Amino acid sequence: MTSVQSKPAMAEPVARDTFDSLDPATDEVVGTYPIHTDDDVRAAVERAREAAAWWAGLGFAERAERLRRWKGYLTRRIAQLAEVVHAETGKPHSDAMVEIIPAIDHLAWAAKHARKVLGEQKRPSGMLMSNQRATVEYQPLGVIGVIGPWNYPVFTPMGSIIYALAAGNAVVFKPSEYTPGVGKWLVDSFAEVVPEHPVLQLVTGYGATGSALCRSGVDKVAFTGSPATGRKIMAACAETLTPVLIEAGGKDALLVDADADLEAAADAAVWGGMSNAGQTCVGVERVYVHERVYDDFVAKVVETAKSVRAGSDPAAKIGPITMPAQLEVIRRHIADALARGGRALVGGAEAVGDRYVQPTVLVDVPEDSEAVREETFGPTLTIAKVRDMDEAVAKANDTRYGLGASVFAKKRGMELARRLRSGMTAVNSVIAFAAIPSLPFGGIGESGFGRIHGPEGLREFARPKAIARQRFRPPMVLTSFSRTAQTDARVAKLITLLHGKRT
Ligand code: NAD
C-alpha cells in the first residue's frame, strides 16, 4: 500500500483488533488497520481538545498559511494519492483525479475566505440602541468528528475536514472501513505540514468506531453516508445533544427540455450516471425527457453508453463496485424494473457480475419501481418520456430524497432549476455545483441537512458570537431600576414615532 512515510499524526493507540482493506478488483489485501475502541476514540478526542485550543489560537492568517502548505503538499503528490484511492476503491486513476482536484480547490478557497466569512463583522445597532457597537464573529466549535463514506474517499470527507479546519476546529476523522488507507494518507499528509499538535487525527474501524465517535463528546459530528446510518448517527448524537450534519444519499434526476442541446444532455446523462461506476451521491439515476425529443435523446444515450465498459484494464472507463453488498441492490433494482415491464436498451440483468456492473439503460420503467424510487448506486439510468416540463418537475420531485439535480434547457433552465426540490441543481451540465467552492453543498429530505462548502460550509463548523459594546451612555437608560416615569414616557413617544404609523 502506498502511504506517506512520515511521523504519525498521533501516538498510535493500543488497538485490540485489526481489519484488512481489500482491492475490490482482486480481493488482495492493500492494508491492515486497527479497530479503534470506545476508549481509543475518547482518548483521540481528548488529545484533539488541546490541539483545538492551539489551532484556534493561531488565528486566521497562520491557519491559512498552514492550509496553503497542505494544499501544495497534496498537489505535488496528487498521483500518489490517486494510487491509494485506486487501490482501495478500484476506480480508474482518472476518476480518482476527478475527486482530488476539486478537493484541492476547496482547500484553497476555504483557506482564503475563512477570515472574511467568519471574522468580526459589524452589524447595524438600530436607532434605539445607537449607543452600542454591534458585532458578530464566528468562533470554532472545538472538536469535530468526521465520519466518511468510501465512494469519494477524498472529496467527500474533505468537504467537512477542510471547512472544519479552516474554521479553527480540530478534527477526528473516521473513514469508511473500505477506504482506511486513503484516510490515513490524508491525515499523515496534514501532520507533515502541521507537526506540532494532532489537529487532524485518524480513527479506523467499522460502524462501532463511528458510533463511539458520536458518543465521545465531540462538539459536532459531520456524517456522510447512507440515510439508514444517518438515522443511527442522529440517535447516538441525541444522547449528548451533539449537533450533526448529515450528507446522505440521493436519487438525482436530470431533466431534458424540448429545446435542449441533446448531444450535450446525452453525454452528461451517461457520464453523470455511469462515472465512478454510478457510485456517486449526486450521480444521475433518473432522466425525464420532453416527448418531442425523447427518441433522439434515447438514441444518443444508447450510443454513448455502449462505449463505456467496466473492467480493470486501462481501457475500461469504469471500475468495480467497491462494496460487494451493493451488487445485490443493483441486481434487484434491474430485475424489478424488467419484471414490471421495463426494457433494457443497454445492459440488463446479465450486466451485473461478481465485481463489475456493465452500463445499463432502462426505459418504460414504472415510477413506483425500486429502480426509480431507491438509490441504486450503480451504472444504471432510467429514462422516462414526459408530456411537458411540469410533468418532469413533478416526477423528479416525487422522491423522499433531495440532493442534486440537472436541467438541460435553453429558455427555461433557471426556472426549472428553481422548481426542483433539491439542495443543488446544475443547468446544462452535471455535478458542476460540487466543484464550485463558493457554493453550499447538501441535501433536503432523506438526503440530509446542513451544508458543506462555501460560506455556509464554514459557518456549519462555527458558532456565532454576538457582542454589543456600549460606546457611550444613552440619553434614556431603560436597563436600570433608576429609570424614571419621564424616561418611559419619552421612550413610548419615540417608539410610536418609529413604528406606530398606520400603513
Ligand atoms: P454507510 O452509511 O454504510 O457508511 C458511512 C460511514 O458510517 C462509514 O464510515 C461507516 O463505518 C460509518 N458507520 C456505519 N454504521 C455506523 C454507526 N452505527 N454509527 C456511526 N458510524 C457508522 O455509507 P457508505 O456505504 O460508506 O456510503 C455510501 C452512501 O453515502 C450512499 O448512500 C451515498 O449516496 C452517500 N453519500 C452521500 C454524499 C453526500 O455528500 N450527500 C457523498 C458521498 C456518499
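1. Disulfides. A disulfide is a pair of cysteine sulfur atoms within 2.5 Å. In this predicted model, that rule gives a count of zero disulfides. Cys214 shows why: its closest cysteine sulfur, in Cys237, is 4.0 Å away, too far for a bond. A disulfide is a covalent bond between the sulfur atoms of two cysteines.

2. Cysteine burial. Cys214 is buried, at a relative accessible area of 1%. Cys281 also counts as buried, with 16% relative accessibility. The cut-off for buried is under 20%, so the 16% of Cys281 qualifies.

3. The largest pocket: size and centre. Its space comes to about 850 Å³. The lining has 40 residues, and those closest to the pocket centre are Trp150, Phe223, Gly225, Ser226 and Thr229.

4. The largest pocket: position. Where does the largest pocket lie? Domain 1 (29–249 + 452–463) and domain 2 (253–421) both contribute residues to the lining, so the pocket lies between them.

5. The largest pocket: elements and chemistry. Four elements each give at least two lining residues: helix H6 (207–214), strand S8 (220–224), helix H7 (227–238) and helix H10 (325–339). H7 supplies the largest share, six residues. By class, the lining of the largest pocket holds 17 nonpolar, 14 polar and nine charged residues.

6. Strands S8 and S9. S8 and S9 run parallel and are joined by four bridges. Val221 has Val244, in S9, as its bridge partner. Strand S9 spans residues 244–247 and is covered on both faces. Val244 and Ile246 are buried on one side, Leu245 and Glu247 on the other. In a regular strand the side chains alternate between the two faces of the sheet. Note that Glu247 is among the buried residues of S9.

7. The seven-stranded sheet. An open sheet with mixed pairing has the strand order S12-S13-S14-S11-S10-S15-S16. Which strands stand at its edges? They are S12 and strand S16 (426–427). Each has a single partner strand, so one side of each lacks a neighbour in the sheet.

8. Pairing within that sheet. Strand S12 (residues 343–346) pairs with S13 in the antiparallel sense, over three bridges. S13 and strand S14 (residues 380–386) run parallel, joined by four bridges. Strand S11 (residues 284–290) pairs with S14 in the parallel sense, over five bridges.

9. A row across the strands. Ala344 stands opposite Leu362 in S13. Leu362 in turn stands opposite Thr382 in S14. Thr382 is also the bridge partner of Arg286. Strand S13 (residues 360–363) is covered on both faces. Thr360 and Leu362 are buried on one side, and Val361 and Val363 are buried on the other.

10. Cavities: the largest. How many cavities of 30 Å³ or more does the whole structure hold? The search finds four. The largest has about 90 Å³ of space. Of its 15 lining residues, the closest to the centre are Arg286, Ala396, Thr399, Gly404 and Arg421. Strand S10 (252–256) and helix H12 (389–397) are the elements that give two or more residues to this lining. The class split for the largest cavity is six nonpolar, five polar and four charged. Arg286 thus appears twice in this note: by the centre of the largest cavity and as a bridge partner of Thr382.

11. Cavities: the second largest. This one has about 40 Å³ of space. Its lining consists of Lys251, Glu285, His333, Ile334, Leu362, Ala371, Thr376, Thr380 and Thr382. H10 and S14 are the elements giving two or more residues to that lining. The residues divide into three nonpolar, four polar and two charged. Leu362 and Thr382 both line this cavity, and they stand opposite each other in the sheet. H10 also supplies at least two residues to the lining of the largest pocket.

12. Tyr33. Is Tyr33 buried or exposed? Tyr33 is buried, with a relative accessible area of 4%. The residue is found in strand S2 (residues 29–35). Tyr33 and Glu177 are 144 residues apart in sequence, yet their C-alpha atoms are 9.1 Å apart in space.

Notes
Residues numbered from 1 in each chain as written. Predicted model: local features only at pLDDT ≥ 70, side-chain atom pairs only at ≥ 80, totals over all residues. Heavy atoms only, no water. Buried < 20%, exposed > 50% of the residue type's maximum accessible area, 1.4 Å probe, protein only. 1 Å grid on protein atoms, 1.4 Å probe; cavity = no way out; pocket = protein on both sides within 12 Å on 5 of 7 lines; lining within 4 Å. Points joined across faces, edges and corners; volume = space filled by probe spheres on them. Nonpolar A, V, L, I, M, F, W, Y, C, P; charged D, E, K, R; others polar. Domains from an automatic or database assignment. Pairing = 2+ DSSP bridges.
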